[in-house]
Amino acid sequence: MPYLGSEDVVKELKKALCNPHIQADRLRYRNVIQRVIRMSKLDQWGQAEVLNFLLRYQPRSEEELFDILNLLDSFLKSSSPGGIARTYTDQCVQILTELLGLRQEHITTVVVQTFRDLVWLCPQCTEAVCQALPGCEENIQDSEGKQALIWLLGVHGERIPNAPYVLEDFVENVKSETFPAVKMELLTALLRLFLSRPAECQDMLGRLLYYCIEEEKDMAVRDRGLFYYRLLLVGIDEVKRILCSPKSDPTLGLLEDPAERPVNSWASDFNTLVPVYGKAHWATISKCQGAERCDPELPKTSSFAASGPLIPEENKERVQELPDSGALMLVPNRQLTADYFEKTWLSLKVAHQQVLPWRGEFHPDTLQMALQVVNIQTIAMSRAGSRPWKAYLSAQDDTGCLFLTELLLEPGNSEMQISVKQNEARTETLNSFISVLETVIGTIEEIKS
């Protein structure tokens, strides 16, 4: 059969579905329909037209519905709906919303995942997606679908009237939930929704945190709960700073505005990433990239101070008493390559060694997350529970001073060994860095206990 345009496809589809001779022979029926519904051969408009027609068609039996859904199954599990959405957003949302009416579990799961991608890539359809979500939770049982729905309820819950009550159902059934990823998504979503609807979420958030900290067996879920609990203790402003991330793709700004400004105001930024990062940040990144090819020194960049919110109150005075400790500014996103780290590590001598008390197990993701908050990057880290356990870290301050660190836990040892190397001999900045590192490790130790 030659290639068909969208109109011809719909005509052939109508003939095939209405032909009694084809319907009488199920094998022939499947073969004919399969030749007609060749989604990968159609352009995006043709795909949308076929889906739109199938939504209006009323199958004569469960077997016929099953056959049609099977033929569309591989298409629905692909990224094609997202491609259609970029061009035909309104029509795509309408088609996906009507697909929810089929009340088929795997269809609902894929639709909700596509909704999540849609609101990220096409924020103009967020309102329509939020209106379509109520009720779909009844037809989702697998992990991926639950995570997508919970994410939508957490990020856009202020627009969905029943969002707290749907999340409350997940909280009520958290003990029987078998997927740790769903529990961690639920923790994040409920804390996000708490920021916009505190009265409705406060009680269930407390119950969820209590369960995750006191009863949960999965260490990753427990650590996530403890991290959020500690974050709440620091203050709501810090929670907002960390959790209130963008609700849509930040790079979408590339598609807007430049044509409305005089050409000479943006022509010099053409073929650069200035629209993504901004002029000042892109200038810093460009200098950093040039410096990485030559030497490890970076331009001056202000960032997280040693007395940031992660440091408990009892440690702040001790940090501030260190000479010039307040001047330590660690550069964000300074990720060294593994090869560069190894070469530099082998070429330097140990500038500082010490041991810190350590008890029990922990999840490496928790430590990595806490280190990122203070702009200390993880180069490599052993798996949880392995002995000896090692981690290699890097950080750089705004003057170009590089700190390379090894963390070591020996089998049966209740102490963590810390070795720090420095590319410049600066006692004051080394002491400030050690103070920050001690505070992070001490905080993780407190969370575990």
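Guide: Accessible areas are computed by the Shrake-Rupley method with a 1.4 Å probe. The model is a predicted one.

Visitor: What percentage of the accessible surface of the chain belongs to carbon and sulfur atoms?
Guide: The accessible surface comes to about 23,000 Å² for the chain. Of that area, the part belonging to carbon and sulfur atoms is 51%.

Visitor: How much of the chain do buried residues make up?
Guide: A residue counts as buried when its relative accessible area is under 20%. The chain has 449 residues, and the buried share of them is 46%.

Visitor: In what order do the strands of the open sheet stand?
Guide: The chain has 21 helices and 7 strands. An open sheet is formed by 5 strands with antiparallel pairing, and the twist from one strand to the next averages 20°. The order is 3-7-6-5-4.

Visitor: Which strands stand at the edges, and why is one side of each without a neighbour?
Guide: An edge strand has a single partner strand, so one of its sides is left without a neighbour in the sheet. This applies to residues 350–357 and 377–381, which are strand 3 and strand 4.

Visitor: Which residue of strand 7 is the bridge partner of Gln353, and also of Glu406?
Guide: Strand 7 (residues 415–422) pairs with strand 3 over 7 bridges and with strand 6 over 6 bridges, again in the antiparallel sense. Leu356 has Met416 as its bridge partner in strand 7. For Gln353 the bridge partner is Ser419, and for Glu406 the partner is likewise Ser419.

Visitor: How many residues of strand 7 are buried?
Guide: Strand 7 is mostly covered. Helix 19 (residues 338–347) lies across strand 4, strand 5, strand 6 and strand 7, at about 90° to strand 6. Of the 8 residues in strand 7, the number buried is 6.

Visitor: Which residue in the hairpin of strand 6 and strand 7 takes a positive phi?
Guide: The hairpin has 5 residues between the strands. The residue with a positive phi, near 70°, is Gly412.

Visitor: How many nonpolar residues are in the contact of helix 11 with helix 12?
Guide: Helix 11 (residues 163–172) and helix 12 (residues 180–196) pack at about 145°, with axes 11 Å apart, in a left-handed crossing. Ala163, Pro164, Leu167, Phe170 and Val171 of helix 11 meet Leu186, Ala189, Leu190 and Leu193 of helix 12. No polar and no charged residues take part in the contact, and the nonpolar count is 9.

Technical notes. Residues numbered from 1 in each chain as written. Predicted model: local features only at pLDDT ≥ 70, side-chain atom pairs only at ≥ 80, totals over all residues. Heavy atoms only, no water. Axes fitted to C-alpha atoms, helices over the stretch in contact; angles between N-to-C directions. Helix = DSSP H or I, 4+ residues; strand = E, 2+ residues; numbered from the N terminus. Left-handed = near helix turned anticlockwise from the far one by under 90°. Contact = heavy atoms within 4.5 Å. Nonpolar A, V, L, I, M, F, W, Y, C, P; charged D, E, K, R; others polar. Buried < 20%, exposed > 50% of the residue type's maximum accessible area, 1.4 Å probe, protein only. Pairing = 2+ DSSP bridges.
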